[in-house]
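Biologist: I am new to this structure. Please pick one part and take a close look at it with me. Then show me what lies around it.

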Amino acid sequence: MSLLLDSLQSAVLLLFSMDPELLNIVGVSLKVSGTSTLIASMAGIPCGFIIAHSGFYGKRLVLTCLNTLLAMPTVVIGLLVYAFISRRALFGELGLLYTQKAMVIGQVILIMPLVTSLTIAAISRIDDRYRKTALTLGATPLQMALVIVHEARYGIGAAVIAAFGRVIAEVGISMMLGGNAKGFTRTMTTAMALEYDKGEFVLAVALGLTLMTIAFGVNMLFHFFQGKTGIDAL
Amino acid sequence: MLYNATELTRTFKGRRVLNLKHLEIRHRKIYGLIGPNGAGKTTLLNLLAFLDRPTTGRLRFQGRDVEYTKQQLLELRRQVVLVDQYPILFTGSVWKNVEFGLKVRGISKKKRSPRIEQALELVGMEEFRQAEAHRLSGGETKRVALARALAIQPEVLLCDEPTANVDEENQEIILKLLQRINSEQQTSIILATHYLAHSRRLADYTLSLEHGTISSQVDEKIS
C-alpha cells in the first residue's frame, strides 16, 4: 500500500515539475493517437453513413465482419502491419517500421471498424422522416446526408471519443510498430510497460494519472458541448 | 394538367397497396383524399411528392413523364413539397427550420429573411422564430412544418392528415391557412384526411380511396 502511495506522491510532484521526458511522451501519444483518430474518423464516418443508408446484397455480412474486427487484438494488427512494412516485406523500402507513421497505420486499422460500427448505430437510430423531410424540401443527396449526420452528431461524437480512448490506451501496436524509441515513438502506454519492467513505478503512475486525466478531459469537453447545444445533454 | 397517372401501382413485399387505373389532378385546385387507414393515401402522396417510385405505371407531371433520374427528381422535388402526418423538425431554432428549403436552393441570406418572416407570419408563429423547434407542441410543430413548406413557395403542397392530432383551435387555423394559400398564391393543394367534412369544406374535388383504388371522385363545387 505504501508503495502505491509513495509512487502516487512522487508522480504528482513529477507532473507538477513539468518533467521534459514526461511531456515528450505525452506529446507523442497525443500526436499519434490524434492523427489516427482523425484519419479513421474521416474514413469511418462516411463509410458508416453509406453502409447504414444503403440496402446492398451482403450488408449483414459486412456488419458481422465489422463487429468481428472490433474484437481484433492489437498484437494481431501489429503482426499484420509488421508483415507488410518490415525491411524485407512488400513496403519495406518505405522505411516505415519503428516510426510514428507505422503506429498511425496500425491504430487506424484498429479503430476504423469501431468508428464505422458506432456511426452505423448512430445513423440507424435517426428517424427516417429526417431523410424524407430533407428531400421533400429540395435537398440534394449530399445536403440530406449532412442533415442526418447533424442529427446523429452526438452518437458520432461518442464514436470518435471511443476510438480515441481505444488508441491512446493501446500498447501492442505502439510497441510492435513503434519500437518504444525514447523521444520518437515512446508513448504513455509503452513507457508505462517499460517502467514497470524496470521496477520504476513513479513515472508509470505519473503517466497513468496523465492518461486518465486526458480521457476525463476529452469526455468532459464532449459533455460540455452536448449540454451547450441543447436538449440532448445528459 | 398538373398530374396525370396511368395504371399506377405500388407494391410492398408482394402486397399491392395502390392500384390506380387513371388519375388526373388539375392546376391550382384543392383535392381532398379521403379513405380509411391503409387505403393508400400516404402511399399516393409519397408518389406525388416523388419520394417513392411506382412499381408499375406511368406518372406525368406538368405534361412531362417522370423518369426518376437523380437530376429530374431534384428538379421535381423543388416544385412539390409534402408535409408529413407527423412532421419532424430539425434540431435548432424555428427560424433555422423554415430557412432550410431556401438555403439548400442557394437563395442568398438577404432574400431568405423576408420569406421566412412572411411564412412565419402566415402561420401565426412569428413570435416563436428563435424558439427551439423540439420544444414546440404538436399543433405548433404542424404550423412550423407548414411555414417551412410555404417559405419555398411550392407549385404543389401535399399535406398528409394536416389536422390529425391537433386541437380544434389549431385545426381551424390550419384549414383557413390552406384555403388562403390556395386562393392567394394559387398553390395546388392535395390533402389526405380522415374527415370528409374538412374535404367538403376546402376541396374542389374529393377523391375516395379504398383498398388502393379510387372508388369515387366528387366535384364539391357542383355537389
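Modeller: Start with Ile173(A). This is a predicted model, and in it Ile173(A) is buried, because 33 other C-beta atoms lie within 10 Å of its own. The cut-off for buried is 20 or more. Ile173(A) sits in helix H9 of chain A, which covers residues 172-178.

What does Ile173(A) touch, once neighbours within four places in sequence are left aside? One group of contacts is Thr74(A), Ile77(A) and Gly78(A). Another is Met103(A), Gly106(A), Gln107(A) and Leu110(A). Helix H5 of chain A spans residues 100-124. Now look at Thr190(A). It is 17 residues from Ile173(A) in sequence, and their C-alpha atoms are 9.7 Å apart in space.

Next, the core. The largest nonpolar core has 117 residues. Helix H5 of chain A gives the largest share of this core, 15 residues. Which residues have the most contacts inside the core? They are Val115(A), Ala147(B) and Leu158(B). From chain B, the core draws at least three residues from each of two domains. Domain 1 is 1-79 + 155-223, and domain 2 is 88-153.

Take Val115(A) by itself. Again leave aside neighbours within four places in sequence. Val115(A) is then in contact with Ala40(A), Ser41(A), Gly44(A), Ile45(A) and Gly48(A). Ala159(A), Val160(A) and Ala163(A) complete its list of contacts.

Now turn to where the chains meet. Chain A brings 17 residues to the contact, and chain B brings 19. On the side of chain A, two elements give two or more residues: helix H6 (128-136) and helix H7 (141-151). The largest share, six residues, comes from H6(A). By class, this side of chain A has six nonpolar, seven polar and four charged residues.

How far can you trust the picture? Chain A has a mean pLDDT of 90, with 96% of its residues at 70 or more. Chain B averages 93, and 99% of its residues score at least 70. For the model, ipTM is 0.94 and pTM is 0.85. One stretch calls for care. Over residues 230-234 of chain A the pLDDT is below 50. Beyond near neighbours in sequence, that stretch has nine contacts in the model. Where pLDDT is low, the predicted coordinates should not be read in detail.

Definitions and conventions
Residues numbered from 1 in each chain as written. Chains lettered and ligands numbered in written order. Predicted model: local features only at pLDDT ≥ 70, side-chain atom pairs only at ≥ 80, totals over all residues. Contact = placed C-beta atoms within 7 Å. Helix = DSSP H or I, 4+ residues; strand = E, 2+ residues; numbered from the N terminus. Nonpolar A, V, L, I, M, F, W, Y, C, P; charged D, E, K, R; others polar. pLDDT = per-residue confidence, 0-100. Core = buried A, V, L, I, M, F, W, Y, C linked by C-beta atoms within 7 Å. Buried ≥ 20, exposed ≤ 12 C-beta atoms within 10 Å, placed from the backbone. Domains from an automatic or database assignment.
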